[in-house]
Amino acid sequence: MSTTDPVLRALVFAVSMAKERMGVALAVNGTVITGHLVSPEEYADAVIEQIRRSHAEEIPAGQGPEGFFMRIAESAKERRERHRAAALAGDFDSGSEQDLPDYLHLVDAFTGDRPAGGAGATWRIRLEDVSGWSLAQVGTPDGRPA
């Protein structure tokens, strides 16, 4: 039996399908994490960017860890397109348990107070580990609301 909040699962699904961002605060194993809830595609793109920045030597595009995350982004895009096509055809039941995600993705996330001028981290979190959550106003690293 899943202990995942069904409202949170539905919210993560909706954000993923719309490719939108939403500010959230999550209680995860006793730690509060605040950041932007994003689609798996945006998450994978953010990780790819981090990989590119961290490599001093040039790695051919699409190879190594970058290629792995490119496949994650492509798979998420294909899934979203299948869901949209099914919805247009009237074959999609948005309440279907197998269609809802098991993980959420955050970008520009942080614990505690945001460091001045600091960019947040990129997180993939199992929904079952979230014990509480709320929508949150999340600013950018320079302090402006996002």
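In this predicted model, a salt bridge joins Arg126 to Asp129, with 2.8 Å between the closest N and O atoms. Neither end of that pair is hidden away: Arg126 counts as partly exposed at 39% relative accessibility, and Asp129, at 22%, is partly exposed as well. The count of such bridges comes to 5, and a couple of others turn up below.

To get one's bearings, it helps to look at the chain as a whole. Its secondary structure comes to 3 helices and 5 strands, and, read from the N terminus, these elements follow the order α-β-β-α-α-β-β-β. The chain has 146 residues, and 37% of them count as buried. About 8600 Å² of surface is exposed, with carbon and sulfur atoms supplying 53% of that area. The contacts reach a fair way along the sequence, too: taking those with a separation of 6 or more, 63% are between residues 24 or more positions apart.

Strand 1 is a good place to start on the sheet. Of its 7 residues, 5 are buried, so the strand is largely enclosed by the rest of the structure. It has partners in both strand 2 and strand 5. With strand 2 it runs antiparallel, and 7 bridges join the two. Within this pairing, Val28 sits opposite Thr31 of strand 2. The two strands form a hairpin with 2 residues between them, and there Asn29 takes a positive phi near 50 degrees. The pairing with strand 5, which covers residues 130–135, is antiparallel as well and extends over 5 bridges. Here Leu26 is the residue that faces Trp133 across the pair. As a general point, side chains in a regular strand alternate between the two faces of the sheet.

Leu26 shows up again in the nonpolar interior. The largest nonpolar core holds 15 residues, and those touching the most other members are Leu26, Leu37, Leu104, Leu106, Ile125 and Val130. Helix 1, strand 1, strand 2 (31–38) and strand 3 (103–111) are the elements that give two or more residues to this core. The biggest share comes from helix 1, with 4 residues. Leu104 gives a feel for how these parts come together. Setting aside residues up to four places away in sequence, Leu104 touches Leu8, Val12, Leu26, Leu37, Trp123, Arg124, Ile125, Leu127 and Val130. Apart from this core lies another one, of 10 residues, which includes Tyr43, Ala44, Phe69 and Ala73.

Two of those names, Tyr43 and Ala44, lead on to helix 2, where both are among the buried residues. Helix 2 has 15 residues and reaches 21 Å from its first C-alpha to its last, close to the 21 Å expected at 1.5 Å a residue. Its buried residues are Glu41, Tyr43, Ala44, Ala46, Val47, Ile48 and Ile51. An α-helix has 3.6 residues a turn, so residues three or four places apart point the same way.

Glu41 is the charged name in that buried list, and it deserves a closer look. The residue is found in helix 2, which spans residues 40–54. Its relative accessible area is 7%, so with the cut-off for burial at under 20%, Glu41 counts as buried. Beyond its neighbours within four places in sequence, Glu41 is in contact with Lys19, Ala73, Ala76, Lys77 and Arg80. One of these contacts, Lys19, also forms a salt bridge with Glu41, the closest N and O atoms being 3.8 Å apart. Lys19 lies in the loop between helix 1 (6–18) and strand 1 (22–28) while Glu41 is in helix 2, so the pair ties together parts that are 22 residues apart in sequence. The two ends have unlike surroundings: Lys19 is partly exposed, at 41% relative accessibility, whereas Glu41 is buried.

Next door in sequence, Glu42 has a salt bridge of its own, to Arg21, with the closest N and O atoms 2.5 Å apart. This pair, too, links distant parts of the chain, with Arg21 in the loop between helix 1 and strand 1 and Glu42 in helix 2, 21 residues apart. Both ends are partly exposed here: Arg21 has a relative accessible area of 46%, and Glu42 has one of 22%.

Note on methods:
Residues numbered from 1 in each chain as written. Predicted model: local features only at pLDDT ≥ 70, side-chain atom pairs only at ≥ 80, totals over all residues. Heavy atoms only, no water. Buried < 20%, exposed > 50% of the residue type's maximum accessible area, 1.4 Å probe, protein only. Contact = heavy atoms within 4.5 Å. Salt bridge = Lys/Arg side-chain N within 4 Å of Asp/Glu carboxyl O. Expected span 1.5 Å × (residues − 1). Core = buried A, V, L, I, M, F, W, Y, C linked by side-chain atoms within 4.5 Å. Areas by Shrake-Rupley, 256 points an atom, 1.4 Å probe, with all protein chains shown as cover. Pairing = 2+ DSSP bridges.
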